[in-house]
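Okay, hi everyone, thanks for coming. I'd like to walk you through a structure today, a few spots at a time, so have a look at the screen.

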Amino acid sequence: MHASASALRTLIKGGRVVNDDCTQEADVYIENGVVQLVGRELMIPGGAKVIDATGKLVMPGGIDTSTHFQETFMNATSVDDYYHGTKAALVGGTTTIIGYALPDKENSLLEAFKKCRDLADPKVCCDYCLHVGVTWWGPQVQLEMEELVKEHGVNSFQAYMTYKDQYMLRDNELYQVFRTCKSLGAIPCVHAENGELVAEGAKEALELGITGPEGLDISRPEELEAEATHRAITIANRTHCPLYLVNVSSKSAGDVIASAKMQGKIIYGETTLAHTTLNGSSYYHPDWSHAAAHVTAPPLRLDASTPNYLMSLLANDTINVVASDHRPFTIKQKAIGKEDFTKIPHGVTGVQDRMTVIWEKGVGGDVNLHENVRCHGVPLVTISRGRVVYEDGIFTCAEGTGKFCPLRPFSEFVYKKLIQREKNLTAKPVDRAPYVGDVAVVLNVGKETPAHPDVQFRSVTRHSGVRDLHESSFSLSGSQVDDHLPKRPVSRVLAPPGGHSNGIW
């Protein structure tokens, strides 16, 4: 193999290589950030840094699909900027993150995207991509979505069915977002909760004097997530658009996704580290700070069996992804809502712990929700862009060394399945002989004509001369429309048709 003298070379020896298709004992040779060879007894150029991985697993770097660094949300800015957030990601074995550009209503999507790029590019330690939020709808939004896809490497858009009066989209707006995503080859990501009923539930809880974090659990039951999940899937199906559901938190929402997948719908589900490892009992903790530290949306579920159920859905690929949804706030920031749970900023930590804790559970801010969890699968060495950035507990990566990764539209993994499904479900006209019989003449367009040609209806007036507002053809005097029919004998009816209405009505 030819290699230049200045090439950056690393050899990982003796490890067990884990890929999506197989696991094998092999060495891995990396040159200038690209894996060149995988196998045993490799012939490689000299000068490579050798890492002894004997008895260890060698895995691809993780991709955290939901992170919120340096993001202002619910009147507070998350405490981790792009440097500290991506540093934590690398220490935890994650080498690519996807963040959010989230504009306020009526604000430009392009400006929000450019602002995020300006914040991230000088600071990121690992590679990153961006979802762009669609928080309102109009011709400008549609044009900017097209520009973001075609010129700026964005292929996913985040929409919310909750956060009423802030980010929430109505069904008709979601319909337009999905149609636009489909035409551009992008993927809509949706946070599914019934925002109208969440708002009503919060109002009712506050009226009852419930102001603490437990109000989150009370006002956002899982049935509101399941209903919105079904509604989002329905809208996506009507637009023939793939759908990516984020923050799946409950058994019932998971069941809705499972049912849709069994019907062949192109649906993907993403849950979070917190929802797969914790439950909502913390909202009822007597220490307000402890309870508030767990506030996220949808809330952690009170049913203690939910985390294991979500893990089982991950195991059978009903849910496809675990993200950290990392949005850390200090207790001081959470205290913005100390007298009103609706004002507690939603967010928990997890970008550093995600791979380790999920490995422990599933395979074998200033508050770490997973503190004291004993884990066995801990990253010892992290390599990013061909460089060792973390080894022996030492972080050696400078800020700004990560890169923005533009993403292509019409992802083959998603749209190939969609195209095949559309071929199978395309509506076709029925092949039939043309109708050659008589056709009725429409006398007055927009007005109903009599079904019987011999029946003539007349305008009915009351004694006052005012026309009957019910447009009835019955009159107490004069000829009637059924005078030509033979008279029937009268019989007394003891019970109305259908029987007595002595049930729920």
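Before the first spot, one bit of vocabulary: a helix here is a DSSP run of H or I with at least four residues, and helices are numbered from the N terminus. Keep in mind that this is a predicted model.

With that in hand, let's go to His-275. This histidine sits in helix α9, which covers residues 273-277. Is His-275 buried or exposed? Buried means under 20% relative accessible area. His-275 comes out at 3%, so it counts as buried. Its side chain also reaches a backbone oxygen, the one on Pro-298, at 2.8 Å. And what else does His-275 touch, if we leave aside neighbours within four places in sequence? The contacts are Val-248, Ser-249, Thr-296, Pro-298, Pro-299, Leu-300, Pro-307 and Leu-310.

Stay with Pro-298 for a second, please. This proline is in the loop between α10 (288-293) and α11 (306-315). The peptide bond leading into it, from Ala-297 to Pro-298, is cis, with omega near -10 degrees. So the residue whose backbone oxygen meets the His-275 side chain is the one that follows this cis bond, and His-275 itself is buried at 3%.

Okay, zooming out for a moment. The chain has 14 helices and 18 strands. Of its 505 residues, 46% are buried. The chain exposes about 27600 Å², and 53% of that comes from carbon and sulfur atoms.

Next up, two helices that meet. These are α2, residues 109-120, and α3, residues 139-152. Their axes come within 9 Å and cross at roughly 40 degrees. That angle is why we call α2 oblique to α3. Which residues make the contact? On the α2 side we have Leu-109, Leu-110 and Phe-113. On the α3 side we have Val-141, Glu-144, Met-145, Glu-147, Leu-148 and His-152. Sort the residues of this contact by class and you get 6 nonpolar, 1 polar and 2 charged.

Remember Leu-109, one of the α2 residues in that contact, as it comes back with Gly-133. Gly-133 is in strand β10, residues 127-133. With a relative accessible area of 0%, Gly-133 is buried. Not counting residues up to four places away in sequence, Gly-133 touches Ala-101, Leu-102, Pro-103, Leu-109 and Gln-158. Take Pro-103 from that list: along the chain it is 30 residues from Gly-133, and the two C-alpha atoms are 6.4 Å apart.

Ile-233 gives us another pair like that. You'll find Ile-233 in helix α7, residues 222-238, and at 3% relative accessibility it counts as buried. Ile-267 is 34 residues away along the chain, with 7.6 Å between the C-alpha atoms of the two isoleucines. Ile-267 is also among the residues that Ile-233 touches, together with Leu-243, Leu-245, Val-256, Ile-257, Ala-260 and Lys-265, again not counting residues up to four places away in sequence.

Now for some loops. Glu-71 lies between β6 (62-64) and β7 (72-73). Its relative accessible area is 6%, so Glu-71 is buried. What does its side chain pair with? A polar contact of 3.0 Å joins it to the side chain of His-68. Beyond four places in sequence, Glu-71 is in contact with Ala-76, Thr-77, Ser-78, Tyr-100 and Arg-327.

Two more loop residues show something about backbone angles. Asn-247 has phi near 55 degrees, which is a positive value in a residue other than glycine. Phe-410, not a glycine either, has a positive phi of about 50 degrees. Where are they? Asn-247 is in the loop between β13 (243-246) and α8 (251-262), while Phe-410 is in the loop between β18 (394-395) and α14 (412-425). Asn-247 is buried at 6% relative accessible area, whereas Phe-410 is partly exposed at 45%.

Last stop: Gly-400, in the loop between β18 and α14. At 26% relative accessibility, Gly-400 counts as partly exposed. Leaving aside neighbours within four places in sequence, Gly-400 is in contact with Asp-121, Pro-122, Lys-123 and Val-124.

That's my tour, thanks for listening!

Conventions: Residues numbered from 1 in each chain as written. Predicted model: local features only at pLDDT ≥ 70, side-chain atom pairs only at ≥ 80, totals over all residues. Heavy atoms only, no water. Buried < 20%, exposed > 50% of the residue type's maximum accessible area, 1.4 Å probe, protein only. Areas by Shrake-Rupley, 256 points an atom, 1.4 Å probe, with all protein chains shown as cover. Polar contact = N/O pair within 3.5 Å; in protein donor to acceptor, adjacent residues only side chain to side chain. Contact = heavy atoms within 4.5 Å. Axes fitted to C-alpha atoms, helices over the stretch in contact; angles between N-to-C directions. Parallel < 35°, antiparallel > 145°, perpendicular 65-115°, else oblique. Nonpolar A, V, L, I, M, F, W, Y, C, P; charged D, E, K, R; others polar.
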